[in-house]
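Hi,

Here is the structure I promised to pass on. Have a look at it first, and then read on for what turned up.

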Amino acid sequence: ELYVEHGMSVEEALSTATVNAAALLDRPHWGSLRAGSAGDAVVVLGNVLDDVGLLRRPSHIKHVITAGRDVSGYLREWSLTAGHQMPGAAGDQGSD
């Protein structure tokens, strides 16, 4: 979001935080989703190209995949202890 607030397009901001950061760190197998990569992924309810802020809203995060494992359960546990609601939770209206 900060990149976008300072003039980058959402696409540029996402690339800066993923593919470009991996290249800077000389980690070509990071930062992208392709065969042989070690990419992590966040599945979000909504289109981050329309609202990059969705990435920081626990109620819009459906899955978090890291090292090939869905760790969403851990996020849900954190979310409950922090007082947030995850998608599908009772009373979740899908908006913040």
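L24, L25 and W30 make a nonpolar patch of about 360 Å² on the surface. Please keep in mind that this is a predicted model. One member of the patch, L24, is found in helix α3. Is L24 buried or exposed? With a relative accessibility of 74%, L24 counts as exposed, because the cut-off for that label is over 50%.

Just along the chain there is a residue you may like to click on. D26 sits in the loop that runs between α3 (19-24) and β1 (41-44). Its phi is near 55°, which is a positive value in a residue other than glycine. D26 is exposed too, as its relative accessible area is 62%.

Now to the sheet. How are the strands ordered? The sheet is open and has 3 strands, which follow the order β1-β2-β3 with antiparallel pairing. At the edges are β1 and β3 (69-70), each of which pairs on one side only. In general, strands of a sheet pair through backbone hydrogen bonds, and they do so in either a parallel or an antiparallel way. Here, β1 pairs with strand β2 (residues 61-66) in the antiparallel sense, over 4 bridges. If you want a spot to find that pairing on screen, look for V44, which stands opposite I61 in β2.

Happy to talk it through whenever suits you.

Best wishes

Notes
Residues numbered from 1 in each chain as written. Predicted model: local features only at pLDDT ≥ 70, side-chain atom pairs only at ≥ 80, totals over all residues. Heavy atoms only, no water. Helix = DSSP H or I, 4+ residues; strand = E, 2+ residues; numbered from the N terminus. Buried < 20%, exposed > 50% of the residue type's maximum accessible area, 1.4 Å probe, protein only. Pairing = 2+ DSSP bridges. Patch = residues over 30% accessible without salt bridge, like charges linked within 9 Å, V, L, I, M, F, W, Y side chains within 5 Å. Areas by Shrake-Rupley, 256 points an atom, 1.4 Å probe, with all protein chains shown as cover. Salt bridge = Lys/Arg side-chain N within 4 Å of Asp/Glu carboxyl O.
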